[in-house]
Amino acid sequence: MIDQGLEHRSAAVTEMPDELRRDVRLLGKLLGQVIAEQGGEDLLADVERLRKAVIAARRGEVSGDEIAALAAGWEIDRAVQVARAFTCYFHLANLAEEHYRIRILRQRDTEDAVQRESLAQAVAELGRDRVAELVEGLELHPVLTAHPTEARRRAVVTAIQRVSGQLTEYNAPGRGASERAELERRLLEEIDLLWRTAQLRNTKLDPLDEVRTAMAAFDETLFRMVPQVYRSLDAALSDATGTEPPLARPFIRYGSWIGGDRDGNPNVTSKVTRDTIQIQSEHVLNALETACTRIARTLTASAQFAPASAGLRAGLAAAVDAHPELVSELATRSPSEPHRQWLLFVAARIAATRRRDLDLAYRTPDELLADLRLAQESLAEHAVRQAYGELQHLIWQVETFGFHLAELEVRQHSQVHAAALEELRAGGELSERTEEVLATIRVIAWIQERFGVTACSRYVVSFTRSADDIAAVHELASYALGGRSVVLDVVPLFESGQDLANSPAVLAGMLEIPQVQERLAATGRRMEIMLGYSDSAKELGPAAATLRLYEAQEQLTAWAAANDVKLRMFHGRGGALGRGGGPANRAVLAQAPGSVAGRFKVTEQGEVIFARYGHIAIARRHMEQVANAVIMASSPSVGSRTAAAADRFRPLAERVATASEQAYRALTEAPGFPEWFALVSPLEEIGSLRLGSRPARRGLGAPRSLDDLRAIPWVFAWAQTRVNLPGWYGLGTGLAAADSLSDLQAAYAEWPLFNAMLDNAEMSLAKTDRSIAARYLALGGRKDFADQVLEEYDRTRELVLKVTGHTRLLENRKVLSRAVQLRDPYVDALSHLQLRALTALRTGNPTDRERERLSTLLLLSVNGVAAGLQNTG
């Protein structure tokens, strides 16, 4: 499977580093062996024929028609096997790149160099005092969502993780020949199992499946990563980290929509939300108990060398009075080790909290923190390193995750609330949907009683059009609970262009709602609003949506200042570029001045969760980059530079946005466009992938307009066609409307927003393949639409390169350029297999059996292309 002739590719292709090449060749060799063993040498030969053909096509030596003929010449079952081979290859290539990235991160982390975009770099640039001041108000709030953008089955992910573990062992230094032989055998065994694991799901996920999938990221990465980030900050702020009280305060809070987001998803019920918080609690309490037990067992400091403080002695005495048998047993096991006894007792109480043993359980995380700090204060008197080492990590973990792990947020559509209120006000029998709305609010109240207000209080209202949509939730709460109380921070979600423009007026109306006034008084006039990137981009196009969102942030920031409101903006960014995706740290720096103010809340969706949190080294780097960006964006010097650039280039941006939006709407609002899109892409078939619990579209039947489509399948389907239209369409026309190329170049150089917008478009253009895209576009029978798309692609590519000054796409992004260009031929192979299936399904007359096998081929190719492009929706 491995290209032995990489050096013969275009000179534009960045050379693969030796370590990465070694891993890719090893994994490819082993995969080839598995294919030959399981499918025969003839299957491996067919895979190689296609591989060599697509590489030759990239050099202009083979035509697309020849490759199409090759793909069409196989029996469908053989084509399915070939597609499986390329899909497995991409999983392994992605894994090799992840390992290489981890090695590079570790190599860059040297004592004599401050790593770019790190917390240490922020301190070096702004100074300790300034960063320490900013840290006091720093809030970083990633929110995990269950949007169905993870195309891989959980079983496939698990199989890849096992391969990853074996590759780590294989590459560890100091191995003898026999050890390496055995490790290669085990690696081959795991790759064999990956090959045998079905790539496609047989059953649709339910919401609790999605919850448990997210819990894997917590168990394997998040819990251990968070204290490492805090320690990095503390080390940057202090020369004595670990020997004095930390200067770093916990600033990360995780949220989750998984099991709480019911907008358009009837599968998320009040019972699911109730079960979700209990699953989360089970995981975090297990993690806290394990960590506390581990620390306790290693804390063997004798009372002779680390005597207990008076406070700790009093705590132990009280524990003896309340639980004599338990404490006596611990004292017998750990004689003359008071700190060990105490922490083992604390671990027993955490276990009791998980079991709901109320006699021994902690009622709140604050009670647990008080007991941990009691041990810490005692150790600080005689064993300071023990006080501020691993024990401090545990304290940070409790402060970050509490007993609920992540704040569970509820989301529902404003129209659902309006319909429920209409029924309730009219009296009479209530519909099942209205009963469910009321049950959801009652579950929120139950969660708050059981786990505290911070576990679940935010209620996001999709398509907020007026303050009445916010007041509706509070009125529904009065119907649901009668005289019982519940804390609700109702968050308006502004998604369309009109809603973004109208958002300050909505907030002004919210100030008149009594319940909002009460929450403002209780929280020090804090308020949260959410900005929707996905639907605004689908409606306006990528360039216009980017600029309209920026303007909305400027207006909201000014409104907040005028009304003495501390406003936090929740950024509903997708994983893909067409849904507001891209590097999160650059997105932070591109926000409107004053809009960050030390607070950044953002959604983490689908495959992004595993890309960013699949390995602790990558997760730590991601969080440091975002924290660095939040700190830098909140500094007056950076803010003033950004504001000056925005003022200077605003007229230019308006021309770009207006022309871009006009071009985008001229295509997407043209009669027949939705039907054409459904023909040229695997849109209909994507629903069969069973990606998640949420339906792929609003309503039934073929889409009549873009409003019928959710943003995720819209972006996913365009990625499959190799067009990636949502990431760039209209930008070329927008740039062409500018008066001067030099003005555009200046905006790219000086304005972070414009820079990020063009760089993201460049990335999307780089993942577009014009020749293969043309084959997909031709399936719709509308040459006018196809020509319109390809002409805008040519225009956008030409002008983006002129503005950036690059001679080729991604010229200044070495790692990404290498990843895209080295994958492209293999993605081409899967695209040709997909085109074969799609063409037969769209224009042929297959039998039921043939249709079933063609659908399997198409869905396997969809899965493989997603792995190759490393993004879905």
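These are my notebook entries on aromatic contacts, cysteines, a helix pair and some single residues in a predicted model.

**Entry 1, aromatic pairs.** I began with the ring systems and found that the structure holds 27 aromatic pairs. One of them is formed by W342 and F345, whose rings are tilted, with 5.7 Å from centre to centre and 45 degrees between the planes. I placed both residues in helix α13 (residues 338–355), where they are three residues apart and therefore separated by about one helical turn. When I checked their accessibility, W342 came out as buried, and F345 did too.

I then looked at W446 and F451, which form an edge-to-face pair, with 6.3 Å from centre to centre and 80 degrees between the planes. The angle of 80 degrees explains the label, because planes over 60 degrees apart count as edge-to-face. Both W446 and F451 are buried.

**Entry 2, an aromatic cluster.** Which residues join F673 in one aromatic cluster? I noted W676, F677, W714, W718 and F785 as the other residues of this cluster.

**Entry 3, charges over rings.** I came back to W446 to look for a charged neighbour, and noted that the charged end of R274 sits over its ring, 3.8 Å from the ring centre. W446 thus appears in my notes both as the partner of F451 in an aromatic pair and as the ring beneath the charged end of R274. For lysine, I recorded that the charged end of K601 sits over the ring of F570, at 4.4 Å from the centre of that ring.

**Entry 4, cysteines.** How many disulfides does the count give? A disulfide is a covalent bond between the sulfur atoms of two cysteines. With a cut-off of 2.5 Å between the sulfur atoms, the count comes to zero disulfides. I also looked up the accessibility of two cysteines: C292 counts as buried because its relative accessibility is 0%, and C456 is buried with a relative accessible area of 0%.

**Entry 5, a helix pair.** I turned to helix α34 (residues 770–777) and helix α35 (residues 783–804), whose axes come within 10 Å and cross at roughly 160 degrees. The two helices, α34 and α35, are therefore roughly antiparallel to each other, because angles over 145 degrees count as such. For the handedness, I noted that α34 passes α35 in a right-handed crossing.

**Entry 6, positive phi angles.** I looked at two residues other than glycine that have a positive phi, beginning with L405, where phi is near 75 degrees. L405 is placed in the loop between α16 (390–401) and β3 (407–408). Is L405 buried or exposed? With a relative accessible area of 5%, L405 is buried.

F463 is the other entry here, a residue other than glycine with a positive phi near 50 degrees. I found F463 in the loop between β5 (458–462) and α19 (467–481). F463 counts as buried at 15% relative accessibility, because the cut-off for that label is under 20%.

**Entry 7, a helix residue and a long separation.** Last, I looked up A545, which lies in helix α23 (residues 542–562) and is buried, with a relative accessible area of 3%. I compared its position with that of E125, which is 420 residues apart from A545 along the chain, and the C-alpha atoms of the two are separated by 32 Å.

How values were computed: Residues numbered from 1 in each chain as written. Predicted model: local features only at pLDDT ≥ 70, side-chain atom pairs only at ≥ 80, totals over all residues. Heavy atoms only, no water. Phe/Tyr/Trp six-rings, centres within 6.5 Å; stacked < 30°, edge-to-face > 60°. Helix = DSSP H or I, 4+ residues; strand = E, 2+ residues; numbered from the N terminus. Buried < 20%, exposed > 50% of the residue type's maximum accessible area, 1.4 Å probe, protein only. Lys NZ or Arg CZ within 6 Å of the ring centre and 35° of its normal. Axes fitted to C-alpha atoms, helices over the stretch in contact; angles between N-to-C directions. Parallel < 35°, antiparallel > 145°, perpendicular 65-115°, else oblique. Left-handed = near helix turned anticlockwise from the far one by under 90°.
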